Amino acid sequence: MSIESPCILVCSIDLKTGYCFGCGRTRDEIGGWMSYSPETRREVMAELPARLETVERKPRRETRRQRMARESQDS
């Protein structure tokens, strides 16, 4: 049996809202996700789109290519 999850592997918490930049869950929700009932998971997931609207910025993941370009400019 698979467990439904909103995780998109962008795991970083917005310090202002307390929501994950990727999925919109709180740390407590992420930690307790496996023990939640399917109904509770669906209730949380229904709130996520509105939560993600409140996250002020998306994390910028620096790619290897971008890092190498930046480092060559800094040298």
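The bend at a residue is the angle between axes fitted to the seven residues ending there and the seven starting there. The exercises below concern a predicted model, in which local features need pLDDT of at least 70, side-chain atom pairs count only at pLDDT 80 or more, and totals for chains, interfaces and linings use all residues. Residues are numbered from 1 along each chain as its sequence is written, and side-chain values use heavy atoms, with hydrogens and water left out.

**Exercise 1. Describe the fold and the geometry of helix α2.**

Step 1. Helices (H or I, at least four residues) and strands (E, at least two) are DSSP runs, numbered from the N terminus. The protein chain has three helices and zero strands, and its pattern along the sequence is α-α-α.

Step 2. Helix α2 covers residues 38–54. The expected span of a helix is 1.5 Å times one less than its number of residues. For the 17 residues of α2 this gives 24 Å, and the end C-alpha atoms are 25 Å apart, which agrees.

Step 3. The axis of α2 has a kink of about 40 degrees at Leu 48, shortly before the proline Pro 49.

Step 4. A residue is buried under 20% relative accessible area, exposed over 50%, and partly exposed in between (1.4 Å probe, protein chains only). Buried residues make up 23% of the 75 residues in the protein chain. In α2, the buried residues are Arg 41, Val 44, Leu 48 and Arg 51.

Step 5. Contact means heavy atoms within 4.5 Å. The buried residues of α2 pack against α1 (27–32). Among contacts in the protein chain between residues at least 6 apart in sequence, 47% join residues at least 24 apart.

**Exercise 2. Identify the salt bridges and determine which residues form a network.**

Step 1. Side chains of opposite charge can pair when their charged atoms come close. A salt bridge is a side-chain nitrogen of Lys or Arg within 4 Å of a carboxyl oxygen of Asp or Glu. A search of the whole structure finds four such pairs; three are examined here.

Step 2. Glu 29 forms a salt bridge with Arg 51, with the closest N and O atoms 2.6 Å apart. This pair links distant parts of the chain, since Glu 29 is in helix α1 and Arg 51 in helix α2, 22 residues apart. Both Glu 29 and Arg 51 are buried.

Step 3. Arg 51 also meets Glu 47 in a salt bridge, at 2.8 Å from N to O. These two residues are four apart in helix α2, so about one helical turn separates them. Arg 51 has 10% relative accessibility and counts as buried, whereas Glu 47, at 40%, is partly exposed. Through shared partners, salt bridges join Glu 29, Glu 47 and Arg 51 into one network.

Step 4. A further salt bridge joins Glu 39 and Arg 42, whose closest N and O atoms are 3.8 Å apart. The two are three residues apart in helix α2, so about one helical turn lies between them. Glu 39 is partly exposed at 46% relative accessibility, and Arg 42 is partly exposed at 46%.

**Exercise 3. Examine the buried arginines that have no salt bridge.**

Step 1. Lys and Arg count as positive and Asp and Glu as negative; His and the chain ends are not counted.

Step 2. Arg 41 is buried without a salt bridge, and the nearest side chain of opposite charge, Glu 4, is 6.2 Å away. Leaving aside neighbours within four places in sequence, Arg 41 is in contact with Ile 3, Glu 4, Trp 33, Met 34 and Tyr 36.

Step 3. Arg 25 lies in the segment before α1. Arg 25 is likewise buried with no salt bridge, its nearest side chain of opposite charge being Glu 29, 6.1 Å away. Not counting residues up to four places away in sequence, Arg 25 touches several residues, including Cys 20, Trp 33, Val 44, Leu 48 and Arg 51.

**Exercise 4. Establish how many disulfides the structure holds, and test Cys 11 and Cys 20.**

Step 1. A disulfide is a pair of cysteine sulfur atoms within 2.5 Å. The structure holds zero disulfides.

Step 2. The sulfur of Cys 11 is 4.3 Å from the closest cysteine sulfur, in Cys 7, and therefore too far for a bond. Cys 11 is exposed, with a relative accessible area of 56%.

Step 3. Cys 20 is in no disulfide either, as the nearest cysteine sulfur, that of Cys 23, is 3.9 Å away. Cys 20 counts as buried at 3% relative accessibility.
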